[in-house]
Amino acid sequence: MSRPLGSYRLQLVASPDYLASHGTPTTPSDLANHACLHHKFPSTGKLEPWPLKTVDGKPDQESSSVMVCNTSSALLDVALAGLGIASLPDFMVRQSIEQGKLISILDAHIEHEGTFRPVWPSSKHLAPKVRVFIDFMVETLFRS
């Protein structure tokens, strides 16, 4: 079973310290001169593509990898530590951006929207703890 909880966007983010020491990219081609932190899908071993707009079906810019993580939480940690630029969902970075710990970059060059869906085993009755958890995620992850 699954239920759509809300939409999200991927954002490119970096710490203020990283941007102060390496400069802020203003175009996707600037990423070639930056430490890019990528996510690798554990099930396939493939890198998750960054959400850069395409021109004629080709990505605006291929970015190089200096670090690859297989969890988004690890990417968040290394971005917060000032080790480079990461692509992360807006619901994961919202608080860090509000607190000034991360800065969103290249927003005009991002093209992505996804739907977040929790998945749970099928049964006739949804367990109360699952219902409470789903309600919690709706209230905290996708608040307006």
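**Local geometry, strand pairing and burial in the predicted model**

Just after helix α2, Gly-82 adopts a positive phi of about 85°. This value, like those that follow, comes from a predicted model. Within α2 itself, Leu-75, Leu-76, Val-78 and Ala-79 are buried. The cover over the buried residues of this helix includes strands β3, β6 and β7 together with helix α3 (90-98).

The loop that joins α2 (72-80) to β7 also holds Gly-84. Gly-84 is buried, its relative accessible area being 0%. Once neighbours within four places in sequence are set aside, the contacts of Gly-84 are Val-13, Ala-14, Tyr-18, Ala-35, Leu-37, Val-78 and Ala-79. Two of these partners, Val-78 and Ala-79, are among the buried residues of α2, and Leu-37 belongs to strand β3. A further link between this loop and β3 is given by the C-alpha atoms of Gly-84 and Cys-36, which are separated by 5.6 Å although the two residues are 48 residues apart along the chain.

Strand β3 (residues 36-39) was examined next. In a regular strand the side chains alternate between the two faces of the sheet. In β3, Cys-36 and His-38 point one way, whereas Leu-37 and His-39 point the other way, and all are buried. The strand has pairing partners in β7 and β6. With β7 (residues 85-89) the pairing is parallel and extends over two bridges; here Leu-37 stands opposite Ala-86. With β6 (residues 67-69) the pairing is likewise in the parallel sense, over three bridges, and His-39 is placed opposite Cys-69.

His-39, located in strand β3, counts as buried at 10% relative accessibility. Apart from neighbours within four places in sequence, its contacts are Lys-46, Leu-47, Glu-48, Cys-69, Asn-70, Thr-71, Ser-72 and Leu-75. The list thus contains Cys-69, the residue opposite His-39 in β6, and also Leu-75, one of the buried residues of α2.

A search of the whole structure returned zero disulfides. Cys-36 takes part in none, and the nearest cysteine sulfur, which belongs to Cys-69, is 13 Å away. For Cys-69, equally in no disulfide, the nearest cysteine sulfur is that of Cys-36, at 13 Å. With a disulfide requiring two cysteine sulfur atoms within 2.5 Å, the separation of 13 Å excludes this pair. Both cysteines are nevertheless buried: the relative accessible area is 0% for Cys-36 and 10% for Cys-69.

In helix α3, Ser-96 was considered. Ser-96 is buried, with a relative accessible area of 10%. Beyond neighbours within four places in sequence, Ser-96 contacts Leu-80, Lys-101 and Leu-102. By contrast, Ser-96 and Ser-2, which are 94 residues apart in sequence, lie 29 Å apart in space, C-alpha to C-alpha.

A positive phi also occurs at a residue that is not a glycine: Leu-106 has a value of about 55°. Most residues other than glycine have a negative phi. Leu-106 is found in the loop between β8 (103-105) and β9 (114-116), where it is buried, with a relative accessible area of 8%.

With regard to charged side chains, the structure holds one salt bridge. The participants are Arg-131 and Asp-135, whose side chains meet at 3.6 Å, N to O. Both residues lie in helix α4 (residues 128-141), where they are four residues apart, about one turn of the helix. Neither falls in the buried class: Arg-131 counts as partly exposed at 35% relative accessibility, and Asp-135 counts as partly exposed at 32%.

Methods:
Residues numbered from 1 in each chain as written. Predicted model: local features only at pLDDT ≥ 70, side-chain atom pairs only at ≥ 80, totals over all residues. Heavy atoms only, no water. Buried < 20%, exposed > 50% of the residue type's maximum accessible area, 1.4 Å probe, protein only. Pairing = 2+ DSSP bridges. Salt bridge = Lys/Arg side-chain N within 4 Å of Asp/Glu carboxyl O. Contact = heavy atoms within 4.5 Å.
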